[in-house]
Amino acid sequence: MPRYDLHCHSTHSDGLLPPAAVVARAAARGVDVLALTDHDEVSGLAEARIAAAAARITLVTGTELSVTWEGLTVHVVGLGIDPSSPALALGLETIRSGRTLRARRIADALAEAGIRGAYEGALKFVTSERLVSRTHFARFLVEAGYAGDVKDVFNRYLVRGKPGYVAHAWAALSEAVGWINGAGGQAVLAHPGRYPVGRSGMRRLLAEFRAAGGQAIEVLSPSHTPAERAEFAGHARVFGLLASGGSDFHGPGESWMDLGGLPELPAGVVPVWNDW
Ligand code: AMP
Ligand code: MN
Ligand code: MN
Ligand code: MN
């Protein structure tokens, strides 16, 4: 059985390693099929493709889109997308363009809490001038001594109800799924266990996602407990969705899980790679 890891990040979004280093690390850790899924971005895929050929592993073209659904941020991974799709490129550019103004507002909100220079501080950690994320603010806050590590930052800052939080409207769910499907890709609801929606909210989200053309959900994610793995395997069956999984690796020492660290999919689900 090949080993699949269908969710990870590079310096083209908020990861710590360049695409070629992500691919080499995945290969060294026994991954046979890797999807690079940078946030709102496909620019790392060309480098990743070359590295995958050299390492003799299979690269799946991917991206992870930021979506706002019922006021919550939800992530949708696209797998097997054509990175040169004009409609997808335009959609990604639209999402990314909102990030710069949002970053200014995050810095203003942090300044109100007494933390100065956060915009410039975050920019020091930005590795692609096309994309600034909360992760870059988190790294600045750790460096400046406001938190012990990146996870600690997200317990105390940058999230709803905490200093540095700003509301932001990303793409609509149906738009994001449409861009992915239009680029020939499969749309995968990322880490569903992370959304605080309750039981009926989750059923609504899955039904809307399916109706919009979504194909799969992540059953395997470091965000999921074993119980959630079983729960989302059940949801996949009931909603007729395929099952995916990825480490969501961001960098050595900064991630819940390293590349290739996932267990096998539970029995009774159809893998997203079934027809590949
Ligand atoms: P953004 O897309 O700018 O809102 O940033 C979201 C990113 O922040 C996610 O992709 C993660 O990399 C990171 N993040 C969010 N919540 C946490 C958390 N609790 N612990 C660690 N990283 C987080
Ligand atoms: Mn991230
Ligand atoms: Mn995500
Ligand atoms: Mn991710």
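The exercises below work through the sheet, the manganese sites and the ring contacts of a predicted model.

Residues are numbered from 1 along each chain as its sequence is written, and chains are lettered from A and ligands numbered from 1 in the order in which they are written. Local features need pLDDT of at least 70, side-chain atom pairs count only at pLDDT 80 or more, and totals for chains, interfaces and linings use all residues; side-chain values use heavy atoms, with hydrogens and water left out.

**Exercise 1. The sheet**

Task: Give the strand order of the sheet and state which strands stand at the edges.

Solution.

Step 1. Helices (H or I, at least four residues) and strands (E, at least two) are DSSP runs, numbered from the N terminus. Two strands pair if DSSP finds at least two bridges between them.

Step 2. The open sheet has 7 strands in the order β1-β2-β3-β4-β5-β6-β7, with mixed pairing.

Step 3. β1 (4–5) and β7 (242–245) each have a single partner strand and stand at the edges, so one side of each lacks a neighbour in the sheet.

Step 4. At the β1 edge, 2 bridges join β1 to strand β2 (residues 33–36), and the two run parallel. Here Asp5 is opposite Leu34 in β2.

**Exercise 2. Strand β5**

Task: Describe the pairing of β5 with β4 and β6, and state whether the faces of β5 are covered or not.

Solution.

Step 1. Strand β4 (residues 72–79) pairs with β5 in the antiparallel sense over 4 bridges; Leu79 stands opposite Gln186 in β5.

Step 2. With strand β6 (residues 216–220), β5 pairs in the parallel sense over 2 bridges, and Leu189 is opposite Ile217 in β6.

Step 3. From β5 the chain passes through helix α8 (residues 198–211) to β6, a right-handed β-α-β crossover. Right-handed is assigned if, with the strands pointing away from the viewer, the path from the first strand over the helix to the second runs clockwise.

Step 4. Buried means under 20% relative accessible area, exposed over 50%, and partly exposed in between (1.4 Å probe, protein chains only). In β5 (residues 186–189), Gln186 and Val188 on one side and Ala187 and Leu189 on the other are all buried, which covers both faces.

**Exercise 3. The manganese sites**

Task: List the protein donors of the manganese ions (ligand 2), (ligand 3) and (ligand 4).

Solution.

Step 1. Donors are N, O and S atoms within 2.8 Å of the metal (3.2 Å for Na, K and Ca); water is not among the atoms, so sites may look incomplete.

Step 2. For the manganese ion (ligand 2), Asp14 (OD), His39 (NE2) and His250 (NE2) lie 2.1 to 2.2 Å away. Asp14 is in the loop between β1 and α1 (19–28) and His39 in the loop between β2 and α2 (45–55), 25 residues apart. Both of these residues, Asp14 and His39, are buried.

Step 3. For the manganese ion (ligand 3), the donors are Glu64 (OE), His75 (ND1) and His191 (NE2), at 2.1 to 2.2 Å. Glu64 is in strand β3 (residues 58–69) and His191 in the loop between β5 and α8, so this pair ties together parts 127 residues apart in sequence. Glu64 and His191 are both buried.

Step 4. For the manganese ion (ligand 4), His7 (NE2), His9 (NE2), Glu64 (OE) and Asp248 (OD) are the donors, at 2.1 to 2.2 Å. Their spacing in sequence is H-x1-H-x54-E-x183-D. His7 is in the loop between β1 and α1 and Asp248 in the segment after β7, so the pair ties together parts 241 residues apart in sequence. His7 and Asp248 are both buried.

Step 5. The manganese ions (ligand 2) and (ligand 3) are 5.8 Å apart, and 4.7 Å separate the manganese ion (ligand 4) from the manganese ion (ligand 2).

**Exercise 4. Ring contacts**

Task: Classify the pair Tyr146 and Tyr157, and locate the charges that sit over the rings of Tyr119 and Trp256.

Solution.

Step 1. Rings of Phe, Tyr and Trp (its six-membered ring) pair if their centres lie within 6.5 Å; planes under 30 degrees apart count as stacked, over 60 as edge-to-face and the rest as tilted. This rule gives 3 aromatic pairs.

Step 2. The ring centres of Tyr146 and Tyr157 are 6.4 Å apart and the planes stand at 80°, so the pair is edge-to-face.

Step 3. Tyr146 counts as partly exposed at 28% relative accessibility, whereas Tyr157 is buried with a relative accessible area of 11%.

Step 4. Ring pairs also link Tyr4, Trp273 and Trp276 into a cluster.

Step 5. A charge sits over a ring if NZ of Lys or CZ of Arg is within 6 Å of the ring centre and within 35 degrees of the ring normal. The charged end of Arg104 sits over the ring of Tyr119, 3.8 Å from its centre, and that of Lys151 over the ring of Trp256, 4.0 Å from its centre.
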